[in-house]
There are 2 protein chains.
Amino acid sequence: MNDHASLTVFERACRGLPRAHTPIWVMRQAGRYLPEYRALREEVDFLTATKTPEIAARITLQPMERFPLDAAILFSDIMTPLEAMGVPVEFAPGPVIQEPVRSAVQVARIRELVPEEGMPFVLDTIRIVRSELSADRAVIGFTGAPFTLFCYLVEGGGSKEFMWARRFLREEPEAAGALLDVLGRSMARYMVAQAEAGANAVMLFDSWVGLLGPAEYRRFVLPVLKRTVAEIRASTDRPIIYFANGGATLLEAVKELEVDVYGIDWTLPLSRAGATLGSSAVLQGNLDPAALFASEEDLRASIDAVLEEAKGLAGHVFNLGHGINRHTDPDRVALLVDHVHERTAGSFA
Amino acid sequence: MNDHASLTVFERACRGLPRAHTPIWVMRQAGRYLPEYRALREEVDFLTATKTPEIAARITLQPMERFPLDAAILFSDIMTPLEAMGVPVEFAPGPVIQEPVRSAVQVARIRELVPEEGMPFVLDTIRIVRSELSADRAVIGFTGAPFTLFCYLVEGGGSKEFMWARRFLREEPEAAGALLDVLGRSMARYMVAQAEAGANAVMLFDSWVGLLGPAEYRRFVLPVLKRTVAEIRASTDRPIIYFANGGATLLEAVKELEVDVYGIDWTLPLSRAGATLGSSAVLQGNLDPAALFASEEDLRASIDAVLEEAKGLAGHVFNLGHGINRHTDPDRVALLVDHVHERTAGSFA
């Protein structure tokens, strides 16, 4: 285990330790709102970018060079592990799975992920980023959470409602459970491998879990997630972040997950999330990405409102409540990062 | 005002009066899951169907002939009033607005709706349905709520995130407010006209309001909705239903709306919604549409769970928590309607 004294500000906030300021990073910070990303992507297609460690590392580091962000997040795609589990994924431009998984026979064909064999390029990307980034800034590894990957696998791509996925849970609860299980085991291995490659923390994105009510979450998702978290814990002491996007009504259940940090979307005020998750909870979030389009004065007021909401928490990692929009002005991100640092300097010493 | 003795079971539940059973209707009950709807639509395109009173009435009544539902809901499209306000809408097949409204100049060009002039076909549809349906079954009129129509107008069509709409709120709060205002005044007139044409209740669908956090809801949406509700109230005593889809974190604010019934989506248990909305609140909802794909045994258990959640409420109108999926077996709807009626017969006398 790291000596606490050597931890980054980001890791200290994740553990609720004293810290110089509130750390901040931004979901999708390495992406299309950055002109340098768009320039690079004119030369390289998306899949090549995610699968070439030098390029993925370059993209991961682009926002770190431009802004004093406290953490880099791996540039990769949420669908990438599925290919290494035997499911071909195309991008057109959204992800498309030609043969959606909707039967027990198909579930049985899914291979458990061996990250070192199937995804060495991701682990190499993390190694490069960790070696190039200064020691006071963290690297975050990530994956889709089991239910969210389940949604894509069963639906065959993106969707507003993922009704095929929700239907499969109801029509074939045993096969659906088996699919969630293999995804859970695989993502645990994937997170451990990312931590071993140098990620200072790992994050599970449950982007679509807000489509479930609490009863279905408890029945289908929570048991798998508990095992996944336990398997990660058994092999690494790095902080685990779980982001239940749209999960306002699920938090009583989410609280049972022994993760270090709970990501909160922009629709749920942090103080209310904290009231449910308990006084020891560390939260990550949750400025509305749309706030970055407001006047500078309104943007500062919105940032201050999030900081005010976070005051009683054991720890807070500032972030947006969802991915940054591609039309965002990078200068607004600069304002955001500076404002969070200035406002919180010395507050949690 | 109707004499209470002549009210339908549906209206009695909306007012929290004694009733023979819990009334039920199903969002999108007139639609593609019904073979008779698909057969009719082979002969007539969607727009013609919505704009021809005899056909729209026929479609509205199809589920009423097949199932002992307690209420019919007008077959119409949420976008239809926008055309009568001067904004052309195409269907390809989703709604497309060629010139999205993203400036104060464009907002100033929007015409306040005069329902009798711009949408006589909708009012005629309601008159036909009301005259053909037996007096013990209700007819529900509806519209999109101001913010939801705002989303389509600014975005130019459907979207997962409606970022243009959320951005317009932030970038041009005054113009956005003016647009919401004219939508609010127009939808109030539209609801009053539907009630005068014979609708026993009117429902405002706020399908996309879950994209806002509580602060933005209170700042941009709630004041307009309060005026809209007050304007409807001033002209009719018919029950008003407001459905804040995805609005779990907004309910403290939603409670300030003096509507008769609050629609609740499937992610928020009714008892929790009731705890926030107060002991006099009447709720509508909220079976997960995916539950209709489960085994009959599991489906009955899910229905019973909703009824159990509703037990302490002042009134309950059973519904799904979202529109019925097109792949649903109509026989499952028959099971649903019968089960709700049987389980609740004599419970609220």
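**View 1. Where H2(A) meets H4(A).** In this predicted model, A:Glu36, A:Tyr37 and A:Leu40 of H2(A) touch A:Arg58, A:Ile59 and A:Gln62 of H4(A). Sort the residues of this contact by character and you get three nonpolar, one polar and two charged.

**View 2. How the axes of H2(A) and H4(A) cross.** Two packed helices are described by the angle between their axes and the distance between the axes. Here, helix H2 (residues 35-43) and helix H4 (residues 53-66), both of chain A, have axes that come within 9 Å and cross at roughly 160°. Angles over 145 degrees count as roughly antiparallel, so that is the label for H2(A) and H4(A). As for handedness, H2(A) passes H4(A) in a right-handed crossing.

**View 3. Chain B laid onto chain A.** Rotate chain B by 180°, with 0.0 Å of shift along the axis, and it superposes on chain A with an RMSD of 0.0 Å. That's the relation of a two-fold axis. Both copies use the same surface, with 100% of the contact residues of chain B recurring in chain A. Look for B:Lys160 by the rotation axis: of the residues of chain B, its C-alpha comes closest, at 3.1 Å.

**View 4. The side of chain B that touches chain A.** Contacts link 26 residues of chain B with 26 residues of chain A. On the chain B side, the elements giving two or more residues are helix H10 (163-171), helix H12 (214-235) and helix H15 (296-309). H10(B) chips in the most, with five residues. By character, this side of chain B splits into 13 nonpolar, five polar and eight charged residues.

Terms used: Residues numbered from 1 in each chain as written. Chains lettered and ligands numbered in written order. Predicted model: local features only at pLDDT ≥ 70, side-chain atom pairs only at ≥ 80, totals over all residues. Least-squares fit on C-alpha atoms with pLDDT ≥ 70 in both. Contact = placed C-beta atoms within 7 Å. Helix = DSSP H or I, 4+ residues; strand = E, 2+ residues; numbered from the N terminus. Nonpolar A, V, L, I, M, F, W, Y, C, P; charged D, E, K, R; others polar. Axes fitted to C-alpha atoms, helices over the stretch in contact; angles between N-to-C directions. Parallel < 35°, antiparallel > 145°, perpendicular 65-115°, else oblique. Left-handed = near helix turned anticlockwise from the far one by under 90°.
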